[in-house]
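User: I would like a close look at the enclosed spaces in this protein. Please start with one of them and work outwards from there, in short steps that a beginner can follow.

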Amino acid sequence: MIPRTLLDVHIENLPRVDTDCIVIGSGIAGLYTSLKIAEKCRVTVVAKKSLLESNTKYAQGGIAAVISDEDSPLYHRQDTLIAGAGLCSADAVDVLVHEGPEGVQELIRFGTQFDREADGEYSLTMEGAHSQRRILHQGDATGAEIVRALAESIRRNTNIEVLDEHFCIDVVTEDGVCYGAIVQKPDGELMFLAAKATVLCTGGAGQLFRYTTNPEIATGDGIAIAYRAGAYIQDVEFVQFHPTALTYPGAPRFLISEAVRGEGAVLRNIRGERFMERYHPQLELAPRDIVARAIVSEIELTKSTFVYLDLTHESQETVKARFPTIYEFCLRYGLDLSSDWVPVAPAAHYMMGGIKTDLHGETNVKRLFACGEVSSTGVHGANRLASNSLSEAIVFGKRIAERVIALPSPERSPVFHIELGRADPPTQAIIEKRLKLQKLMLRHAGLVRNENGMKKGLGELRKHVNVYYAALSSREHFEFANLLTVALLMMMAALRREESRGAHFREDFPERDDVVWKKHIVQHREFGLAEEDLIHGTIVD
Ligand SMILES: Cc1cc2nc3c(=O)[nH]c(=O)nc-3n(C[C@H](O)[C@H](O)[C@H](O)COP(=O)(O)OP(=O)(O)OC[C@H]3O[C@@H](n4cnc5c(N)ncnc54)[C@H](O)[C@@H]3O)c2cc1C
């Protein structure tokens, strides 16, 4: 079993700092939730890098909300449920589609600027699997604009203190109640941050895979922290791979937004053949998982490592105006999106599952909340509808704030003491171990999975569990231990789910099986892995 903490710790020996609420993470979930809680309480925001570095910063397409008179929450609900392939929580989706528009207005009040049409109305785009125009955006850099506006509001807010370059190692719990977090300062010293509520907003875990659109921070820390603390972890087998990430020597896997295909870009294999007609009637605008698997299949057929994205039918002016960030980024590597075919391949992009919460973002551990990509509210089911993740963060962030503000202070202090007597840390360079794990996850738990591969992968992962019993002190080691935890949880859930649904594709079970598998897979540190039957509302081992 994975130990309760990554460190031997006696809370009474650590310097203690008190606040009302701790928010771990500074993406949209962390920034927005902090601002809402700070309307009534003191908030301390902890971020392991700068306040501005997060997945959110890289979001391109936009944020989905029902704004237009021609749209309706019913349509948004329907689109979300269809994308989720039978595993969405209808109640959570209702919250999203009804409260999203007010959340967007609040983002605007905090200073976010979205593009407008000449008549002053908000410019709304359409994205794959949406039936209506409902995506607000700021060029192709929507996330950066949201972070800018929220971070500026945070800096002006005297109720909020920001601890950037601080790393949350674990949360402090006793008898199923959370009392705060153990945080490592930039100089390596530890502190106990005590509060009446702790909100994990730590984002996703794209760094589990060799190729990802996510930045370095996305190491799944929040899921691992919550798991160690006894929270339920749900649906982690569902990982969305984005079909088109730039695949060019020396360049990171930079995302080439779906909107580029929306503007008519076509996919060609390295022989120059357009191939999507062999895979789906919607061609390049088929669901993400289908496009991604088609690309992998073409890559294998042509013994290549990429396919091409061809937008050369558009003029340079149009491409520059519509996709300025993508255009500029590709140009840095000598690729002109308006005249060159750009090499692309799928990359891990988004985690549908995470820490299971109720409709107010609270986990089964009292006073411990989760918001944003780290959470599993039930909104996304087995596959996320494009642009719903930014909306989910603000809608549930507001609900968390309401509950946190109403919470009384805890009546006692914890006496948290974990002493395992840990060994020296492993000597193999941690960077090497991380790379090995990423390659293993891509091979055995990537876009196409099967039992043999996953059993082999699980065996390989288990060889590293001694890291949990080592005296770790560096951030790289903590991150590796967290990646390993999430990898194990993901591999076990993916192995258990003997069907294909949404983003989870098993070549040995290629069909969706609603009779047996209309269930969540829920994992818990003590109770192990269970299936939650959505039809009968029961949990069975
Ligand atoms: C390239 C790209 C494009 C995308 N485009 C869109 C889009 O157009 N629309 C959409 O809806 N979604 C999009 N997504 C998904 C969306 O951006 C994310 O799901 C969302 O931004 C997650 O926000 P978050 O606040 O939950 O986490 P993040 O934005 O990832 O923030 C996580 C924060 O937690 C901090 N953190 C993590 N671990 C620790 C720790 N141990 N201690 C302290 N701090 C920690 C990090 O430093 C960071 O501040 C995109 C994602 C990517 C990668």
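Analyst: Start with strand 17, which gives the largest share of the lining of the second largest cavity, 4 residues. Keep in mind throughout that this is a predicted model. Strand 17 covers residues 342-351. Now look at the names around the cavity. Ala348, His349, Tyr350 and Met351 are among its lining residues. The rest of the lining is Ala205, Gly206, Leu208, Phe209, Asn214, Val239 and Met490. The space inside is about 40 Å³. What classes of residue face this space? The lining has 8 nonpolar residues, 3 polar ones and no charged ones.

How many cavities are there in the whole structure? A search finds 2 of 30 Å³ or more. The largest cavity has a volume of about 50 Å³. Its lining includes a run of names from Ser375 through Ser376, Thr377, Gly378, Val379 and His380 to Gly381. Leu87, Asp235, Met352 and Glu392 also line the largest cavity. By class, this lining has 3 nonpolar, 6 polar and 2 charged residues. Compare that with the second largest cavity, where no charged residue is in the lining.

Strand 17 also leads us to the ligand. It supplies at least two residues of the shell around the ligand. So do helix 1 (28-37), strand 4 (43-47), strand 9 (167-174) and helix 10 (388-406). Helix 10 gives the most, with 3 residues. In total, 39 residues surround the ligand. Which are the closest? They are Ser26, Thr56, Gly62, Glu373 and Ser389. By class, the shell has 14 nonpolar, 19 polar and 6 charged residues.

Zoom in on the backbone next. A polar backbone atom of serine 26 is 2.8 Å from an oxygen atom of the ligand. For glycine 61, a backbone N or O atom lies 2.9 Å from a ligand oxygen. For glycine 27, the matching distance is 3.4 Å. How much of the ligand does the protein bury? Alone, the ligand exposes 1000 Å², and the protein buries 98% of that.

Move on to an open space. The second largest pocket has a volume of about 860 Å³. It is lined by 42 residues. Closest to its centre are Gly128, Ala129, Glu258, Leu285 and Pro287. Helix 7 (288-301) supplies at least two of the lining residues, as do helix 2 (73-83) and helix 6 (258-262). The largest share, 4 residues, comes from helix 7. By class, this lining splits into 14 nonpolar, 15 polar and 13 charged residues.

Finish with a sheet. Strands pair through backbone hydrogen bonds, either parallel or antiparallel. Here 3 strands form an open sheet in the order 5-7-6, with antiparallel pairing. Why do two of these strands have a side without a neighbour in the sheet? Strand 5 (63-64) and strand 6 (124-125) stand at the edges, and each has a single partner strand, so one side of each is left without a neighbour. Strand 6 pairs with strand 7, residues 135-136, over 2 bridges. One named pair is threonine 125 and its bridge partner in strand 7, isoleucine 135.

Note on methods:
Residues numbered from 1 in each chain as written. Predicted model: local features only at pLDDT ≥ 70, side-chain atom pairs only at ≥ 80, totals over all residues. Heavy atoms only, no water. Near = heavy atom within 4 Å. Polar contact = N/O pair within 3.5 Å; in protein donor to acceptor, adjacent residues only side chain to side chain. Areas by Shrake-Rupley, 256 points an atom, 1.4 Å probe, with all protein chains shown as cover. Nonpolar A, V, L, I, M, F, W, Y, C, P; charged D, E, K, R; others polar. 1 Å grid on protein atoms, 1.4 Å probe; cavity = no way out; pocket = protein on both sides within 12 Å on 5 of 7 lines; lining within 4 Å. Points joined across faces, edges and corners; volume = space filled by probe spheres on them. Pairing = 2+ DSSP bridges.
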